[in-house]
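Dear colleague,

I am handing over the structure we spoke about, together with its sequence, and would be glad if you could look through it alongside the notes in this email.

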Amino acid sequence: MKSVRPSLVKGPAKAPAGVAVGMRKEAGETREQMEDGHRLVEEALRESEERYRMLLDGIRDYAIYMMDPQGRVVSWNAGAERIKGYSASQIIGQSFSCFFPPEDIERGKPAEVLRVATNSGHYEEEGMRVRKDGSRFLAKLTFTALRDPAGNLRGFSEFSHDLSERQESEAKYRGLLEAAPDPMVVVNTSGEIVLLNVQAENQFGYHRDELLGRPVKNIIPQGFAERLVADALRTPEVALAQQMGMGIELRGRRKSGSEFPIEIMLSPLDSAEGTLVTAAIRDISVRKAAEAHLLENVKELNRSNEELAQFAYVASHDLQEPLRMVASYTQLLSRRYKGKLGADADEFIAFATDGASRMQRLIQDLLTYSRIATKAHELRSASSEDALHQALLNLRGAIEESHALVTHDPLPDVLADEVQLIQLFQNLVGNAIKYQRPGVPRVHISATGGAKERWRFSVRDNGLGIDPQYFERIFGMFQRLHKRDEFEGTGIGLAICKKIVERHGGHISVESQPGHGSTFRFDLAAARDAQIMKTN
């Protein structure tokens, strides 16, 4: 069997004519598709760059620009133009070193910035920069090295912010701080002092450098720093908000170690470093000493009043028995020897009898006055109308004798000591009947609802009236506006009324004009269900 050897092809194989035409057509379509794809990518890139440029131009508070690896400006936003003073056409292609002060250029600062950014990836600082017009400003700057996917350096970006306004604001704030009359301390949320004024130095005995950066606990050991620190239940904002605007009494500590009372007022201050707290500190040593002295005086006054009340009670109580004996024997002398010892003797015995009777009434009124505090009952719900009816029964003799007409509106239940309420109505109505012009005494009692759950009572009469200059005087002890031969009395009745009303937490006053009657007004708490108030 013969083997068949394939022939070797010396040149390229030729495709049939129809196949070749088809392949050229497909290749043409592929190139067109690729070109269309490139155009779409380029258009998308241009749109993206335009949006990015518009975004950067919309940022006016920050200067943002790009540089090539040598530090020449290749892009420029509106914020950079506003802050640095150059337009894009003036600065693009120029070295960024023109933004540095001459002294920084001389010592190679621009090259150093690029070197550090290249090696570490970024560089940040706060430093002085120069505008186109030569003016200087403080700026916060961030430089970032820009690299391609292969790691090759393509250039740098700079973000910078003008701190001039902040610097001016801080200067003004420091000036206000120094001008404050009280010591002022500014503390961060970690409890460290970041600023203080000269008054704080003088108050606590430290030099400024000894306190800056130190814990505020060095001068306010307790109660301040704890208010600024968040915990598991409070965020820093809540912790601060709970303390702002409050007058907080604490203890301050001087450098010498001595402590003194202080009052602090806290207020928040937002800054680039976060929230700070300004504390106004006031030495209240004098105020505390005055308060302690006042408290001691009040205690002494209360003790004196208690002793005086007790003395009045004991004295009036113990004097009643011998006085009754004197009154009884003078009355016996008057009955047995009247007209037998001569006119002078009769007059002397009458004086003695009258004096004894007046002394008895005076002692009885003093005893009543002292018992307002020493023999008081609990304040309970009581009918003021029932109390008035009981007072009118006690005054029945005076009412019948004078033919007085006493009327009243419906009266409310109040929170009162019923015995003292009867005494109050009895004294006021009794005075209205006593101090009268010729004619029928008319007295009307009413009550109106007032604010804070209190009733306002009025006792109005048609009597003699009172000159306004005596409105305060008549509520004092032993104060009389008439002679004894005109009207009987000890001058204690209205003082008793005043003390009763004040014991009930109220106030008593009078409105009157001579010849036009008087209206006495006082207020009492409205009765509440099951309410009992214990007072002294």
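What follows is a description of the chain as a whole, then of one sheet and the core that goes with it, and finally of a single lysine.

Please keep in mind throughout that this is a predicted model. The protein chain contains 16 helices and 17 strands, and of its 536 residues 35% are buried. If one takes the contacts between residues at least 6 apart in sequence, 54% of them join residues that are at least 24 apart. The chain exposes about 32600 Å², of which carbon and sulfur atoms supply 54%.

The part I looked at in most detail is an open sheet of five strands, which has the order β12-β14-β15-β17-β16 and mixed pairing. Its edge strands are β12 (405–408) and β16, each of which pairs on one side only, and neighbouring strands of the sheet are turned by 20 degrees against each other on average, if direction is ignored. Within the sheet, β14 and β15 run antiparallel and are joined by seven bridges, with Ala-447 standing opposite Phe-457 in β15. Helix α13 lies across β12, β14 and β15, and runs at about 170 degrees to β12.

At the other edge, strand β16 (residues 508–512) is joined to β17 (residues 518–525) by five bridges, the two strands running antiparallel, and Ser-509 stands opposite Arg-521 in β17. These two strands form a hairpin with five residues between them, and Gly-515 in the turn has a positive phi of about 85 degrees. In a regular strand, side chains alternate between the two faces of the sheet, and β16 shows such an alternation: Ile-508, Val-510 and Ser-512 point to one face and are buried, whereas Ser-509 and Glu-511 point to the other and are not. Earlier in the chain, helix α16 (residues 493–503) has several buried residues, among them Leu-494, Ile-496, Ile-500 and Val-501, and the helix is followed by Gly-505, which also has a positive phi, near 80 degrees.

Which residues touch the most other members of the largest nonpolar core? They are Phe-425, Ile-445 and Phe-522, in a core of 39 residues. At least two residues of this core come from each of α13 (384–394), β13 (413–416), α15 (418–434), β14 (442–449), β15 (454–461), α16, β16 and β17, and the largest share, eight residues, is supplied by α15. Leaving aside residues up to four places away in sequence, Ile-445 touches ten others, which are Leu-388, Val-406, Thr-407, His-408, Asp-409, Leu-411, Phe-425, Val-429, Ser-458 and Val-459. There is also a second, separate core of 22 residues, which includes Ile-83, Tyr-86, Phe-96 and Ala-145.

Finally, is Lys-109 buried or exposed? This residue is found in helix α5 (residues 109–120), and Lys-109 counts as buried because its relative accessibility is 12%, which falls under the 20% cut-off. Apart from residues up to four places away in sequence, Lys-109 touches Phe-100, Asp-104, Tyr-123 and Glu-125. Lys-109 and Ser-97 are 12 residues apart in sequence, and their C-alpha atoms are 8.5 Å apart in space.

With best regards

Note on methods. Residues numbered from 1 in each chain as written. Predicted model: local features only at pLDDT ≥ 70, side-chain atom pairs only at ≥ 80, totals over all residues. Heavy atoms only, no water. Helix = DSSP H or I, 4+ residues; strand = E, 2+ residues; numbered from the N terminus. Buried < 20%, exposed > 50% of the residue type's maximum accessible area, 1.4 Å probe, protein only. Contact = heavy atoms within 4.5 Å. Pairing = 2+ DSSP bridges. Core = buried A, V, L, I, M, F, W, Y, C linked by side-chain atoms within 4.5 Å. Areas by Shrake-Rupley, 256 points an atom, 1.4 Å probe, with all protein chains shown as cover. Axes fitted to C-alpha atoms, helices over the stretch in contact; angles between N-to-C directions.
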